[in-house]
Amino acid sequence: MTVRLTWPQVLAWRMRRQLLEPIGKSSAPAVVRRLCGVQAQVASSAELAVRVRRQGSRRGEVARALSEGRLIKTWAMRGTLHLLTPEDGGAVLSLMASGRSWELPSWERYFRMSSKHWDVLRDTVREALDGKVMTREEVNAAIVAQRKLRHLDDELRSGWGTLFKPLAWQGELCFGPMRGNRVTFMRPETASARWAGVPEPDDAAPTVIVAYLGAYGPATIDNFRNWLSRGRVSAKQIRSWFKALGARIAEIEVEGERRYVLAKDLSELASSKPTTAVRLLPGFDQYVLGPGTEDGHIIPAKRRTAVSKQAGWIAPIVVAGGSVTGTWDVDGERLRIDWFKESGAPPRGKLATEIERISAILGRDLRPQVKIV
């Protein structure tokens with residue numbers, strides 16, 4: 001018999017699973033693990049994404065977890081910078097590497113990199129970073145010192161890190177502590193004694209899919225594929241990984257749509273009640289990146305451009321009842337909210353309570369300003 005759920009049930013369950021209602025008590029690394037990673041190209045947004053999910057959080061706890069090796073920072077899902085746990089991070093890197101996008105003819109033509117060139121690059125970086133922390137400029141110098149890699153000089157200076165990403169996915173490098181305003185690299189096993197390595201993709205897939213469905217289910221294979229790689233890993237491969245999970249996952253129906261969940265979560269999902277909780281979440285928050293900004297159950301289709309902006313920028317969001325009902329920003333001492341008019345009257349009491357909580361986290365006395373848009 002097919003289990004049938006409503007979207008308000010699903011969104012309330014996701015809020016609970018993502019430590020948003022109720023707010024969690026887990027450590028910063030445990031929050032990152034629960035969310036399957038936290039996007040981190042904007043450090044302040046990454047820290048806020050963790051802190052809004054923790055009772056009694058403190059400024060700088062993400063930086064401390066990185067310095068203590070309880071978190072690592074590296075290029076991961078969709079080729080973007082993420083916080084990962086060293087125990088589980090290698091699994092998602094393995095799935096990214098399985099797509100072997102750097103072997104595509106388009107990559108080879110553009111970068112003039114054959115498989116032999118990649119072997120030289122990997123060996124050079126591995127040797128340079130052996131037990132060391134090096135600035136990006138120092139790593140670049142070690143690379144172009146190799147005659148076969150001198151043609152990469154301009155690309156390495158570009159700042160995008162495209163050539164470093166495949167090395168990150170193979171577990172050859174991650175980010176180290178900033179040296180002034182300079183980025184550094186190190187090997188993951190140097191960054192953390194907890195580093196568990198990069199397993200084979202077929203071994204890694206169950207770990208990643210189970211973690212993903214535990215935070216963002218019920219989900220489709222397309223949801224998972226878009227979250228993971230935006231096409232770098234084939235749909236056929238991902239379908240085979242889902243199939244291999246067998247009875248650990250179940251297919252259910254959410255208001256007529258077929259989606260996958262963990263079998264062990266079925267009863268909890270079925271008993272979930274809609275929530276009226278209101279949360280202010282930072283830019284690039286996993287609540288929208290997990291299912292994807294194109295998922296209209298989270299972000300109304302006509303409001304997607306208000307959240308997903310040009311150049312990949314994801315705005316801070318207001319979430320009410322599990323759906324995105326507005327965006328927000330801080331201007332001086334004002335916290336400005338653009339509330340989507342189709343979401344009904346703003347719940348001003350709950351907004352005021354949440355703004356007070358955000359004010360305490362940020363250490364600022366913020367005054368609310370709500371505009372209906």
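## Buried Asn140, nonpolar cores and an open sheet

Asn140 is buried, with a relative accessible area of 10%. The value is computed from a predicted model. Asn140 counts as buried because its relative accessible area of 10% falls under the 20% cut-off. Asn140 belongs to helix H8, which spans residues 136-144. Leaving out residues up to four places away in sequence, Asn140 touches Leu156, Arg157 and Phe164.

Phe164 also appears in the account of the largest nonpolar core: of its 75 residues, Trp75, Ile143, Phe164, Leu173, Phe224, Trp227 and Leu228 touch the most other members. Helix H12, residues 201-216, gives the most to this core, with nine residues. A second, separate core of 42 residues includes Ala250, Ile298, Ala320 and Leu351. In soluble globular proteins, nonpolar side chains tend to be buried together.

Beyond its neighbours within four places in sequence, Trp75 is in contact with residues including Leu81, Leu93, Trp160, Phe164, Leu173, Phe175 and Phe185. Polar or charged partners are found as well, among them Thr80 and Lys165 of the Trp75 contacts.

The model further contains an open sheet of five strands in the order S10-S11-S12-S13-S14, with mixed pairing. Its edge strands, S10 and S14, each pair on one side only. Neighbouring strands of this sheet are turned by 25° against each other on average, direction ignored. Strands S13 and S14 run parallel and are joined by six bridges; Arg336 stands opposite Gln369 in S14.

| Strand | Residues |
|---|---|
| S10 | residues 278-281 |
| S13 | residues 334-339 |
| S14 | residues 367-372 |

Technical notes
Residues numbered from 1 in each chain as written. Predicted model: local features only at pLDDT ≥ 70, side-chain atom pairs only at ≥ 80, totals over all residues. Heavy atoms only, no water. Pairing = 2+ DSSP bridges. Helix = DSSP H or I, 4+ residues; strand = E, 2+ residues; numbered from the N terminus. Axes fitted to C-alpha atoms, helices over the stretch in contact; angles between N-to-C directions. Core = buried A, V, L, I, M, F, W, Y, C linked by side-chain atoms within 4.5 Å. Buried < 20%, exposed > 50% of the residue type's maximum accessible area, 1.4 Å probe, protein only. Contact = heavy atoms within 4.5 Å.
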